[in-house]
Amino acid sequence: MGMSVTISGATENDAEQIFRLQYLCFQSEAALYGNYRIDALVQSLDSVREEVVSDCVFVARLGDEVIGSVRGSVSADGEASIGKLCVHPRLQGHGIGGRLLRAAEAALAEERGAKRFRLHTGHRSEGNLRLYRRVGYETVGTSKGADGVPMVVLEKPAGEYAKTA
């Protein structure tokens, strides 16, 4: 009998698994852009620990293994920034990313007062763009990451939570 994937808030004990998972998951993004200095790959474990404590962080678990994660925070003006959504490569395409996104959006709106959600992804990251558009995000602009990667900026109003994608 197989195990089911559960979504829950992250704890400090999850930080190392999140750190390792993020490093694994963002390798494909780095290869896509020929840039291995993207934020998710150079972030320190201590920085991940700090985000788990201060931000709204959710994980997807299969048994005791963290197989997905997402982070979000809300600014004073009510804009929620969502980032570093990742799912283990062997489990992508099963709706886990959409479930994580939904959990983060709900918590950011209901517990932290978010009025709108904003995220960004690389301009060549077609799978990411498809997911975000499928769950209601619309392109509102472009930017350049600190690593130089051209990014697409997407937003949607709070209250329009992600459907399970």
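In this predicted model, helix α6 is followed by G136, a residue with a positive phi near 105°. Helix α6 itself spans residues 126-134 and packs on the sheet, where it touches β4, β5 (116-122), β6 and β7 (150-157). The direction of α6 makes about 160° with that of β5.

The buried residues of α6 are L129, L131 and Y132. They cover an arc of only 160° around the axis, which puts them on the same side of the helix. An α-helix has 3.6 residues a turn, so residues three or four places apart point the same way. The cover over the buried residues of α6 includes β4, α5 (96-110), β5 and β7. On the face of α6 turned away from its buried side, the residues R130 and R134 are exposed.

Y132 also takes part in an aromatic pair, and the structure holds one such pair. A pair of aromatic rings is described by the distance of the centres and the angle of the planes. For Y132 and Y137, the ring centres are 6.1 Å apart and the planes stand at 65°, so the pair is edge-to-face. Both Y132 and Y137 are buried.

The sheet on which α6 packs was examined next. Strands of a sheet pair through backbone hydrogen bonds, either parallel or antiparallel. Here, seven strands form an open sheet with mixed pairing, in the order β1-β2-β3-β4-β5-β7-β6. The edges are taken by β1 (5-9) and β6 (138-144), each of which has a single partner strand, so one side of each is left without a neighbour in the sheet. From one strand to the next, the twist averages 25°.

Strand β3 (residues 65-74) pairs in the antiparallel sense with β4 (residues 79-87), over six bridges. Strand β3 also runs antiparallel to β2, to which seven bridges join it. Individual bridge partners can be named on both sides of β3. Towards β2, V70 in β3 is the bridge partner of F58. Towards β4, S69 has C86 as its bridge partner, and G72 stands opposite I82. Strand β3 is mostly covered, with seven of its ten residues buried.

Both antiparallel connections of β3 are hairpins. The hairpin of β2 and β3 has two residues between the strands, and G63 in this hairpin takes a positive phi near 65°. Between β3 and β4 there are four residues, and G78 in that turn has a positive phi of about 90°.

Helix α1 (residues 15-25) lies across β2 (56-62), β3 and β4, and runs at about 95° to β3. One residue of α1 is Q22. The relative accessibility of Q22 is 1%, so this residue counts as buried, the cut-off being under 20%. A polar atom of the Q22 side chain lies 2.8 Å from the backbone oxygen of A40. When neighbours within four places in sequence are left aside, Q22 is in contact with A40, L41, Q43, V48, R71, K84 and C86. Among these, C86 is also the bridge partner of S69.

Note on methods
Residues numbered from 1 in each chain as written. Predicted model: local features only at pLDDT ≥ 70, side-chain atom pairs only at ≥ 80, totals over all residues. Heavy atoms only, no water. Pairing = 2+ DSSP bridges. Axes fitted to C-alpha atoms, helices over the stretch in contact; angles between N-to-C directions. Contact = heavy atoms within 4.5 Å. Buried < 20%, exposed > 50% of the residue type's maximum accessible area, 1.4 Å probe, protein only. Polar contact = N/O pair within 3.5 Å; in protein donor to acceptor, adjacent residues only side chain to side chain. Phe/Tyr/Trp six-rings, centres within 6.5 Å; stacked < 30°, edge-to-face > 60°. Arc of directions from axis to C-beta.
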